[in-house]
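Student: I have a structure open in front of me, and I would like to take a close look at a single part of it. Could you choose one helix and walk me through it slowly, with its surroundings?

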Amino acid sequence: MKRTILKICILFVCIQTYAQDEVWDDLPAYADPVLIGEKLVKNYLASDYRHFDEIPGEPPYIVYPETCTWLGALVFSEKANNKALLMDLEKRFFPLLGKRKELMQKPNHVDNTVFGVIPLRLYMLTDNPLYYHIGIDFADRQWQLPKSSASDSIKHCALLDRGLSWQTRFWIDDMYMITAIQSHAYFATKDRKYIDRAAYEMTVYLDSIQKPNGLFYHAKQAPFFWGRGNGWMAAGMTELLKNLPKDNKHYPRILSSYQHMMRTLKSYVNKEGLWGQLVDEPEGSWTETSGSAMFTYAMIVGVKEGWLDRHEYAPVVRKAWLALMPYINDNGDLRDVCIGTNIGSTKEHYLNRRRLVGDFHGQAALLWCASALLPEEKQ
């Protein structure tokens, strides 16, 4: 009798495991992450360097939404083992060293310094020392006092004395930008100072701006839980936890904040299975796809890494990924991406924002999702 019960229990566990794996493995053909990822990368490669979509004309340099999309394309192509795409993505860097050198970023601002992830990623793919030296300079200078006015130097010195980057602003998108470049520097050098200082920086941000419900206001003077703003924090914590050695003293604190945020996000899923322009108003605001994709990415990784309960969160992820598919057009452009948004004093400021198609904020986040959904054996 005991053996029979044991066999039944083992069978039940196997069935449960199989059913959970099916959440990832039986996606319909139109939602195949390889298909979606390749379409997005080819879409990106088909375009020239772009400015912010809401600003007409040529970009003065590579702006951060393009950096994030470029990085997403590199990570996807590497994980999918698509060497042709990787070669084309590397070739996109070549003009920045010559005829388009004016587009090369300078590490003079948190949104600009994140560009260093591209040469560092290329270095890890090719072992070309040129990429290493360009990228590591960006990472190092994020913690080095710049030449600036005396008043700025006082403020910057105060931040550096606290062990923080002089580029610290306590804006919600900072924690993706800083985490991305410092994590890549850690992997390129194997020097833990990069990832350790990013972890400390994250805890200071969390202590300063995370609200009791686990979410984040757009700014202190803008008490609204804007979707993409919260998406940057979700993605930033995800990237850091994924890369941070578990013996780092800040790991438990960051994991707890991440899990708190994910629980709250799960409670605010709208009828489509996505999230609204204002996260805490799923019925009163339109579905915003860039923030939704960022949240989906954070949950995919959380389930795979064991930070989130698979039974509880995997169905949320599956529904969200499938719900994003109708928002992608035949060219691989994601629609209903909120235009770049400065802080506002009313809900209407956020609810009335223009919606873009193919904006890099959305393209990047979709690529992150596609990469995370690929089977681990394709790494």
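Tutor: What follows is a look at helix 9, and then at the rest of the protein around that topic.

Please keep in mind from the start that this is a predicted model. Helix 9 runs over residues 174–189; it has 16 residues and reaches 22 Å from its first C-alpha to its last, which is close to the 22 Å expected at 1.5 Å a residue. Most of this helix is covered, since 14 of its 16 residues are buried.

Let us pause at one residue of helix 9, namely His-184. Its relative accessibility is 8%, and because buried means under 20%, His-184 counts as buried. Once the neighbours within four places in sequence are left aside, His-184 is in contact with Leu-71, Val-117, Leu-120, Arg-121 and Met-124. With one of these, Arg-121, there is also a polar contact from side chain to side chain, at 3.2 Å.

Now follow the chain out of the helix. Helix 9 is followed by Lys-190, a residue placed in the loop between helix 9 and helix 10 (192–209). Most residues other than glycine have a negative phi. Lys-190, however, has a positive phi of about 65° although it is not a glycine. In contrast to the buried His-184, Lys-190 counts as exposed, because its relative accessibility is 63% and the cut-off for exposed is over 50%. A positive phi also turns up at Asp-336, again a residue other than glycine, where the value is near 60°. Asp-336 is found in the loop between helix 14 and strand 1 (337–338), and with a relative accessibility of 13% it counts as buried.

Helix 14 is useful to set beside helix 9. Helix 14 covers residues 310–324, has 15 residues and reaches 21 Å from its first C-alpha to its last, close to the 21 Å expected at 1.5 Å a residue. At its N-terminal end Asp-309 acts as a cap, with a side-chain oxygen that lies 3.2 Å from the backbone nitrogen of His-311. The buried residues of helix 14 include Tyr-313, Val-316, Val-317 and Trp-321.

Trp-321 leads us to the interior. In soluble globular proteins, nonpolar side chains tend to be buried together. Here the largest nonpolar core has 113 residues, and those with the most contacts inside it are Phe-93, Met-261, Met-262, Trp-321 and Trp-368. The largest share of this core, 10 residues, comes from helix 16 (residues 360–373). Another core, of eight residues, lies apart from it, and among its members are Ala-222, Trp-226, Trp-286 and Cys-338.

Two members of the largest core show what such surroundings look like. Met-262, not counting residues up to four places away in sequence, touches Ala-234, Ala-298, Met-299, Leu-308 and Tyr-313; Tyr-313 is one of the buried residues of helix 14. Phe-93 is found in the loop between helix 4 and helix 5, and at 0% relative accessibility it counts as buried. Leaving aside neighbours within four places in sequence, the contacts of Phe-93 include Trp-70, Phe-115, Ile-118 and Leu-122.

The loop that holds Phe-93 also holds Glu-102. Glu-102 counts as partly exposed, with a relative accessibility of 46%, and beyond the residues up to four places away in sequence it touches Pro-60 and Tyr-61. In helix 16 you can find Ser-371, which is buried, with a relative accessible area of 5%. Apart from neighbours within four places in sequence, Ser-371 is in contact with Gly-72, Val-75, Phe-76 and Lys-79.

Finally, step back to the whole protein, which has 16 helices and two strands. Its radius of gyration is 21 Å, close to the 21 Å that the globule rule gives for 379 residues, so the protein is as compact as a globular protein of that length. Of the 379 residues, 56% count as buried. Among contacts with a separation of 6 or more, residues 24 or more positions apart account for 72%. The surface that the protein exposes is about 16600 Å², and carbon and sulfur atoms supply 55% of it.

Definitions and conventions
Residues are numbered from 1 along each chain as its sequence is written. This is a predicted model: local features need pLDDT of at least 70, side-chain atom pairs count only at pLDDT 80 or more; totals for chains, interfaces and linings use all residues. Side-chain values use heavy atoms; hydrogens and water are left out. Helices (H or I, at least four residues) and strands (E, at least two) are DSSP runs, numbered from the N terminus. Buried means under 20% relative accessible area, exposed over 50%, partly exposed in between (1.4 Å probe, protein chains only). A polar contact is a pair of N or O atoms within 3.5 Å; within protein, one must be able to donate a hydrogen and the other to accept it, and residues adjacent in sequence count only if both atoms are side-chain atoms. Contact means heavy atoms within 4.5 Å. The expected span of a helix is 1.5 Å times one less than its number of residues. The radius of gyration is taken over C-alpha atoms; the globule rule is 2.2 Å times the number of residues to the power 0.38. Accessible areas come from the Shrake-Rupley method with a 1.4 Å probe; for residues, only the protein chains shown count as cover. A nonpolar core is a set of buried Ala, Val, Leu, Ile, Met, Phe, Trp, Tyr and Cys residues joined through side-chain atoms within 4.5 Å.
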